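This report describes a structure for a reader who has not seen it before. The sequence and the model come first, and the description follows.

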Amino acid sequence: MPTCKELTDVVTDYLEGRMSVMRRVSFRLHLGMCDRCRAYLRQMKMTIETLGRLPDEPVPAEVREALLTRFRTIRPSGAPVTMRRRTFVAAFDDWLRSRGWMVVGMVLFGAALLGVLLGGQPGPLLGTWERCLLVELGVAALPVVGVGVAAVRMRERIAASSLAAVAAIGALVGYLHLQLACPYSRVTVHALVIDVGGILLAALLGAAASRLPALRPPAPSGGA
Amino acid sequence: MDEKTAGPRASGEDFALVQRLLAGDEIAFAGLVDRYHNRLLRLAMNFVSDRSAAEEVVQDTWLGVMSGLPSFEGRSALKTWIFRILINRAKTRGVREARSMPFSALENPDSEHEPAVNPARFQPNGMWADPPHRWDDETPEKLLMRQDALRRLKEAMARLPPSQRAVLTLRDVEGLDAGEVCNILEISETNQRVLLHRARSKIRHALEEYLGGV
């Protein structure tokens with residue numbers, strides 16, 4: 001358990017959530033027993049809160065007026081070229097980020113279920129074989145999308161492990177579907193084309209997607 | 001435009017505001033100035049040597065905002081975007097002046113250990129000898145109502161080394177998140193946390209001095 005002195009040195013790690021579980025537990029144990037350190041933590045929190053509420057001072061009238069004159073003469077204009085598209089992409093991305101990868105997993109699982117239900121059955125539109133292939137390609141396309149999205153996000157919070165997880169889910173789903181739904185799944189050539197080929201295609205498309213200028217994270221550069 | 005994506009993206013409100021600005025809406029621009037001018041000034045003071053230099057940087061920043069608006073893509077919140085322009089301008093100027101805040105101080109906070117609390121306030125076994133003076137009945141609202149408290153707080157901030165003040169301002173005063181601050185200041189997550197910790201510890205101490213009379 002940390003001493004009081006040690007606790008004051010790591011209080012920011014604690015507030016920032018940058019502590020291992022063990023350190024966190026012992027930190028809290030100390031807090032539970034030490035009302036002085038509880039007071040210290042409370043004061044730290046209040047300090048932060050106070051800083052966040054520092055009042056804004058009014059802008060001097062002449063500065064404000066001069067800036068408005070500049071604004072009138074410069075008149076920033078022109079259509080915000082990519083705003084609509086960006087808004088949509090950003091909104092989708094935020095949604096994905098907030099719901100996490102669980103959603104991706106659930107979608108893949110749902111698609112697999114659908115594939116299992118539909119894939120093996122002969123239907124009115126297509127014969128068994130074509131239907132099976134189509135559903136399977138559809139299932140294979142989902143990991144492609146997943147890998148593509150993950151590749152775009154690589155530069156940020158999505159670690160390589162997440163990328164691997166998405167690819168693994170996709171591969172598993174494709175494999176399960178192949179085993180359960182497709183009557184031709186035992187044919188080696190078929191498995192090679194669909195399984196191995198599908199995964200390779202997914203990887204290639206993912207890599208290609210990450211190079212699209214619209215999707216690529218911006219390169220770090222200075223200037224406004 | 002340099003728009004990295006750590007931290008929250010632009011809100012619908014941000015986009016609506018940008019749209020109004022691009023349509024030449026002066027009221028929207030005046031609102032932006034009212035909201036950010038002094039905050040930009042406060043931030044700029046961390047990077048350049050004196051107030052007139054800071055004012056120039058802020059002027060530059062507003063020009064940058066105006067010319068950059070059409071290419072605002074909303075990868076970060078509008079506020080973060082504006083702050084980033086300011087910091088880029090301040091850095092450019094710092095290089096030219098070569099006597100402003102050393103940005104290297106951001107990269108290498110003193111590796112020397114800086115205790116959060118004066119070691120003399122602890123017993124040899126690490127327990128409090130002189131525990132925190134209580135100010136439990138205070139709230140930020142009550143505190144900031146008092147002019148002398150506000151003054152003390154600002155003085156304590158002014159005494160911070162510029163690198164600590166820059167991180168504290170962005171994180172706690174402006175409410176940016178850790179990723180955004182690392183991005184804007186181009187510092188590592190660990191350095192950001194060290195600078196923040198030192199700054200917060202000093203401000204807490206200043207408030208304790210004021211409220212508890214250490």
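Which residues in α8(B) are buried? They are B:S163, B:Q164, B:R165, B:A166, B:V167, B:L168, B:T169, B:L170, B:R171 and B:D172. A residue is buried if 20 or more other C-beta atoms lie within 10 Å of its own, exposed if 12 or fewer, and partly exposed in between, with C-beta atoms placed from the backbone. Helix α8 of chain B covers residues 162-173, and 10 of its 12 residues are buried. Helices (H or I, at least four residues) and strands (E, at least two) are DSSP runs, numbered from the N terminus.

This is a predicted model, in which local features need pLDDT of at least 70 and side-chain atom pairs count only at pLDDT 80 or more, while totals for chains, interfaces and linings use all residues. Residues are numbered from 1 along each chain as its sequence is written, and chains are lettered from A and ligands numbered from 1 in the order in which they are written.

**Confidence and the two chains**

The model scores ipTM 0.87 and pTM 0.64. The predictor's confidence in each residue is given as pLDDT, from 0 to 100. The table sets out values for each chain.

| Chain | Mean pLDDT | Residues with pLDDT of at least 70 | Helices | Strands | Buried residues |
|---|---|---|---|---|---|
| Chain A | 70 | 40% | nine | zero | 25% of 224 residues |
| Chain B | 86 | 87% | 10 | zero | 45% of 214 residues |

Some stretches have a low pLDDT. In chain A, residues 154-160 have a pLDDT below 50, and this stretch has seven contacts in the model beyond near neighbours in sequence. Two residues are in contact if their C-beta atoms, placed from the backbone, lie within 7 Å. Residues 213-224 of chain A also stay under 50 in pLDDT, and the model has 23 contacts for them beyond four places in sequence. In chain B, the pLDDT is below 50 over residues 1-5, a stretch with 23 contacts beyond near neighbours in sequence.

Contacts can also be sorted by separation in sequence. In chain A, 67% of the contacts between residues at least 6 apart join residues at least 24 apart. In chain B, residues 24 or more positions apart account for 73% of the contacts with a separation of 6 or more.

**Helix α8 of chain B and its partner**

Two packed helices are described by the angle between their axes and the distance between the axes. α8(B) packs with helix α10 of chain B (residues 189-212) at an angle of about 90 degrees, and the axes are 8 Å apart. Therefore α8(B) is roughly perpendicular to α10(B). Axes are lines fitted to C-alpha atoms, for helices over the stretch in contact, and angles run from 0 to 180 degrees between N-to-C directions. Angles under 35 degrees count as roughly parallel, over 145 as roughly antiparallel, 65 to 115 as roughly perpendicular and the rest as oblique.

On the α8(B) side the contact is made by B:S163, B:Q164, B:R165, B:V167, B:L168 and B:R171, and on the α10(B) side by B:Q192, B:L195, B:L196, B:R198, B:A199 and B:R200. These residues divide into five nonpolar, three polar and four charged. Ala, Val, Leu, Ile, Met, Phe, Trp, Tyr, Cys and Pro count as nonpolar, Asp, Glu, Lys and Arg as charged, and the others, Gly among them, as polar.

After α8(B) comes B:G175, with a positive phi near 75 degrees. B:E186 has a positive phi of about 55 degrees although it is not a glycine. B:E186 is found in the loop between α9 (178-185) and α10 of chain B, and it is partly exposed because 13 other C-beta atoms lie within 10 Å.

Helix α10 of chain B also holds B:A206. Why does B:A206 count as buried? Because B:A206 has 20 C-beta neighbours inside 10 Å. Not counting residues up to four places away in sequence, B:A206 touches B:R152, B:L153 and B:A156.

**The nonpolar core**

A nonpolar core is a set of buried Ala, Val, Leu, Ile, Met, Phe, Trp, Tyr and Cys residues joined through C-beta atoms within 7 Å. The largest has 67 residues, of which B:A44, B:I82, B:L86 and B:V167 touch the most other members. Helix α4 of chain B (residues 78-97) gives the most to this core, with eight residues. B:I82 touches B:Y36 and B:V65, not counting residues up to four places away in sequence.
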